[in-house]
Amino acid sequence: MLSQKPRHFLSLALIFFKPNPNPSLLLRSFSGQSWLSVPGNPLIKWPSLSPPPSPPPTLPPPNPNPNFDPKFSENDFSTITKLLTCPGASLRTALDRVGIDPSPSLVQAVFDHLDSSPKLLHTLFVWAEEQPGFRCSVKLFTSVINVLAKAREFESAWSMILDRIGGDKEPGLVSVDAFVIMIRRYARAGQPQSAIRAFEFATNLDSFLSSESEMSLFEILLDSLCKEGLVRVATEYFDGKRKSHRDWIPSVRVYNILLNGWFRSRKLKKAERLWVEMKSDGVKPSVVTYGTLVEGYCRMRRPEIAMELVGEMRREGVEPNAIVFNPIIDALGEAGRFKEAWGMMERFSVLESGPTISTYNSLVKGYCKAGNLVEASRILKMMISRGIVPTPTTYNYFFRYFSKSGKIEEGMNLYNKMIESGYTPDRLTFHLLLKMLCEEGRLDLAVQVCKEMRTRGCDMDLATSTMLIHLLCKMNKFKEALSEFEDMIHRGLVPQYLTFQNMNDELRKQGMTEMARKLCALMSSVPHSTKLPNTYVKYRDESHERRKSIIKKAEAMSKVLKTCSDPRELVKHRSSPESVESRANRLIEDIKTKANIK
């Protein structure tokens, strides 16, 4: 039993700074076995864990169509995955050469495994469709639409949808899920009107949606817009629907979505006004409604109001549960108010449902944020003793602390313990490890973590590739950085313009004009934004010197102000069109003259 192993638990405070008897553990080269999974003596001795429950088989469910074979060869899967991970000049030629007979389940498994390489996956699908006897499934078709929309290849996605709807090319492949994906991807791309048009197109299709499905898609549209910060657009469309359908009373789910949107946008008055409107319409709030209000107030750092709502909902006959208690405990933990958080925990414990994994994770997060890993580890021990198995999310709060604090060895040892206990890290785990290693300039370990990431089924996405490129440039490994940049584009990922601009500036500064030209050609080959953050500066050295100059002048001006008898003279200089430096110089001279100290 899990509760029988507390003797192996050791307080972190006692062993945090224990020397590592085997420092080479962190530097072993990558081989067939995970370099981080080699058994060792970790710095941090976490509670003994039983292996997590074995997940159910991941093979696709049986398809009712007898022409479909739900099984596939692991060798075929491995071969195609390797081709997509390390593609040559022509992926289609390579696929033809290996002689694999693709099935929908095989292609679907590859899609699920390599979801961050949209361009290559689309090429794979087009190739598979050309093979004799291949018939696409609804799930695979939806996955292709998702891949194209994720890469913002919306025209290609629409072309596939319209070919099926308007032609003889298997119209049954287009499901509601395809339009859900288009709506969500348009919203994520900051194109709300396109998302609305996708919704309206779906609702206007003859006999495609039932009235219930149409309302569900409407809720998905509002939810997509709100989650991307487009709550004003969602509200305007909602108001328009109410005006055009006077007898329509929105469901409680619609109100929940809009309430959540206003709270996420930190528009408290808008949310409270909508809450009043909801009650005036006679829509009875659900436990989800109260959970949304509680989470919203907690997000606005007003847990006191959230706690008052718990009493109100009980008076209304709505019993609170995890979605109500968890945000309060999370907010109190974030604020370091652990005594009150434990009080809410006790109130939660007496309910039939009781604390969940999210409840314990909230406390772990709060203690990690406060730097109190001893208490965070105590929560971990408590979870295990009560039969609640930690998840990668639980450990990621520790990784976040290690990343923020630059504690590389501790972070590596925690990863080692996770692997030894049978846990599979998620993508965020690798992101945090890479962030920590990149900020500390540990290129050797960062490259090995990237290999480990791929080995464990997480391909390099935009965030991880960007971090690696910036680190390679920082270490003057420009050839390797350019290679990774090229690989990103080949996989269908569009590098951030800031990444391109920094690389281009640095290459030209180093006199590597040929590499700079190749970089520009690569960036020009894909559609991209040219926006840069306000903090961007072309040459960091010049900017640093300019900032130093301004600071010196500001310090001199500060000294002069101490003797200035009329500081209101400063107002005259606020709207001057001069540069910062010349304005500062003239201001100092004027003040000196006024003070008669020239």
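In this predicted model, helix α20, spanning residues 392-405, packs against helix α21, spanning residues 408-420, with the two axes coming within 9 Å and crossing at roughly 165 degrees. An angle over 145 degrees counts as roughly antiparallel, and α20 and α21 are therefore roughly antiparallel to each other. Their crossing is left-handed. On the α20 side, the contact is made by Pro392, Tyr395, Phe398, Phe399 and Phe402, which meet Glu410, Gly411, Leu414, Tyr415 and Met418 of α21. Sorted by class, the residues of this contact comprise eight nonpolar, one polar and one charged.

A second helix pair is found earlier in the numbering, where α8 (residues 176-188) packs with α9 (residues 192-203). Here the axes lie 8 Å apart, and the angle between them is about 165 degrees. That angle makes α8 roughly antiparallel to α9. The crossing in which α8 passes α9 is left-handed. From α8, the residues Phe179, Met182, Ile183, Tyr186 and Ala187 take part, and they meet Ser194, Ala195, Ala198, Phe199, Phe201 and Ala202 in α9. The class make-up of this contact is 10 nonpolar residues, one polar residue and no charged residues.

Attention may now turn to a single side chain, that of Glu219, which belongs to helix α10 (residues 211-227). Is this glutamate, Glu219, buried or exposed? With a relative accessible area of 9%, Glu219 falls under the 20% cut-off and is therefore buried. Once neighbours within four places in sequence are set aside, the residues in contact with Glu219 are Ser251, Arg253, Val254 and Ile257. One of these partners, Arg253, is joined to Glu219 by a polar contact of 3.0 Å between the two side chains. Another, Ile257, is separated from Glu219 by 38 residues in sequence, while the C-alpha to C-alpha distance between Glu219 and Ile257 is 7.6 Å.

These local views can be set beside some totals for the chain. The protein chain contains 29 helices and zero strands. Of its 598 residues, 47% are buried, and Glu219 is one of the buried residues. Among contacts with a sequence separation of 6 or more, 67% involve residues 24 or more positions apart. The pairing of Glu219 with Ile257, 38 residues apart in sequence and in contact, offers a handy example of such a contact.

Methods: Residues numbered from 1 in each chain as written. Predicted model: local features only at pLDDT ≥ 70, side-chain atom pairs only at ≥ 80, totals over all residues. Heavy atoms only, no water. Axes fitted to C-alpha atoms, helices over the stretch in contact; angles between N-to-C directions. Helix = DSSP H or I, 4+ residues; strand = E, 2+ residues; numbered from the N terminus. Parallel < 35°, antiparallel > 145°, perpendicular 65-115°, else oblique. Left-handed = near helix turned anticlockwise from the far one by under 90°. Contact = heavy atoms within 4.5 Å. Nonpolar A, V, L, I, M, F, W, Y, C, P; charged D, E, K, R; others polar. Buried < 20%, exposed > 50% of the residue type's maximum accessible area, 1.4 Å probe, protein only. Polar contact = N/O pair within 3.5 Å; in protein donor to acceptor, adjacent residues only side chain to side chain.
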